[in-house]
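Hi everyone, thanks for coming. I'd like to walk you through one structure today, starting at its ligand and then moving out to a few single residues.

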Amino acid sequence: MKTRFEKIDALRPEKALVQEAGVIIRQGGLVAFPTETVYGLGGNALDEKAAEKIYAAKGRPSDNPLIAHIAHLDMLYELVTEVSEKAEKLMDAFWPGPMTLVFYKKPIVPMGTTGGLDTVAVRMPAHPVALQLIEEAGVPIAAPSANLSGRPSPTRADHVREDLDGRIDMILDSGDVRIGLESTIFDMTVEPPMILRPGYITKEMAEEVIGKVTVDQAILSDQSKVAPKAPGMKYRHYAPKAPLTVVAGEPEMAAEKMKELALQAKAAGKKVGIICTDEMLSRFGEFETKSIGSRFDPDAIGHNLYRILREFDETGAEVIYSESFASDSFGQAIMNRLMKAAGQHKIEVS
Ligand code: TXA
Ligand code: MG
């Protein structure tokens, strides 16, 4: 299959192009498109065959359910049986935006889309291209992150091209995404609602709106021995090709330790990659070093993480050491993804 690659304006998407993309989706094809979190790989959420194509293109296990993306609330009520008052409050506060809610599904949503579950995850993304594409398609769009299964989610259209060129119909390119990590998932079928995947909308932000929210145990426990409730969270995601080790502790001491480890690996003939904050950049001159942003700027760290992991795949790093980052608020999502990429491998210095 030849994949069409089209540039599109992020704020004022060219209507004719969005219409063409909408037709592709309506006819059962696949279009990768930008959202504010990461690029998504879209197909008709009401068409089981489209879901099969998505799984095939990504090489993804088909028990891992897809998120249905909607452009307005009428679409939500077509998909789900019941919307609680708390869900309404969250939607008021955070939609369109980086938040996904899990509800009981109506029969119209095929089991192929939900990985056999009787629930469906729904999100209204905050990106003009995504919203207009859904409008033009006239159906909710099922969209996982537009990466091959096991690779970091794409934060640029080039990342999508690397992974999916020749496997899908079209890629819409509107440049870098804003957030860079996937949406927060809230399970609204339990009381109190439970966070299944941390993201830009934090527990604290949600609790200000609806009161108590819990977090899936599997996210909180470092060594995740507990099976996560979101099926997709159990897979070894976001993995760079080289083994990644996170070095945690007081910043100065952690940097010293990283340098010591890096020198050892270098002496053993290994190509070393370093992920560090701006504040520590000057320490690692002799290694291939990528700065992820200031220690005090979690938005930058979240925005850059997946891109950097991909870049190390390209440069052929054989072993990667990363600083650890603050794990409060958005930092919880950042550390969740970083630790997954590291296969939970962390060294604590004290
Ligand atoms: O930000 C995002 O959410 C991006 C953009 C494209 O919108 N999408 C995304 O999709 O991250 P994906 O497929 O890579 O991740 C979906 C996650 C998986 O962990 C999956 O198991 C979980 O959502 N999920 C989907 N439906 C679910 C359900 N009914 N119950 C529990 N977890 C569900
Ligand atoms: Mg994904």
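Before the ligand, one term: by a pocket I mean an open set of grid points, on a 1 Å grid over the protein atoms alone, with protein on both sides within 12 Å along at least five of seven lines. Please also keep in mind that this is a predicted model.

So, which pocket does ligand 1 take up? The space it fills is the largest pocket. How much of ligand 1 would you guess is covered? Let me hold that back for a moment and go through the contacts.

There are 26 residues around ligand 1, and those that come nearest are Thr 37, His 69, Ser 183, Arg 197 and Gly 232. Sorted by class, this shell has 14 nonpolar residues, eight polar ones and four charged ones.

Where in the fold does the shell come from? Strands β4 (67–69), β6 (119–123) and β10 (194–197) each supply at least two of its residues. β6 gives the most, with four residues.

Now the polar side of things. The side chain of His 69 has an N or O atom 2.6 Å from an oxygen atom of ligand 1. For Arg 123, the distance from a side-chain N or O atom to a ligand oxygen is 3.1 Å. Ser 145 also takes part, with a polar side-chain atom 3.0 Å from an oxygen atom of ligand 1. And here is the cover I promised: on its own, ligand 1 exposes 680 Å², and the protein buries 98% of that.

Let's leave the ligand and look at three residues elsewhere in the chain.

Asp 173 sits in strand β8, residues 170–173. Is Asp 173 buried or exposed? It counts as buried, because its relative accessibility is 8%, and the cut-off for buried is under 20%. Its side chain makes a polar contact of 3.0 Å with the side chain of Lys 7.

Ala 254 belongs to helix α10, which covers residues 251–267. This alanine is buried too, with a relative accessible area of 3%. From Ala 254 to Ser 294 you go 40 residues along the sequence, and the C-alpha atoms are 16 Å apart in space.

Finally, Glu 208, in helix α8 (residues 203–210). Glu 208 counts as exposed, because its relative accessibility is 75%, and exposed means over 50%. Its C-alpha lies 36 Å from that of Lys 290, a residue 82 positions away along the chain.

That's my tour, thanks for listening!

Note on methods: Residues numbered from 1 in each chain as written. Chains lettered and ligands numbered in written order. Predicted model: local features only at pLDDT ≥ 70, side-chain atom pairs only at ≥ 80, totals over all residues. Heavy atoms only, no water. Near = heavy atom within 4 Å. Polar contact = N/O pair within 3.5 Å; in protein donor to acceptor, adjacent residues only side chain to side chain. Areas by Shrake-Rupley, 256 points an atom, 1.4 Å probe, with all protein chains shown as cover. 1 Å grid on protein atoms, 1.4 Å probe; cavity = no way out; pocket = protein on both sides within 12 Å on 5 of 7 lines; lining within 4 Å. Sits in = over half its atoms within 2 Å of the grid points. Nonpolar A, V, L, I, M, F, W, Y, C, P; charged D, E, K, R; others polar. Buried < 20%, exposed > 50% of the residue type's maximum accessible area, 1.4 Å probe, protein only.
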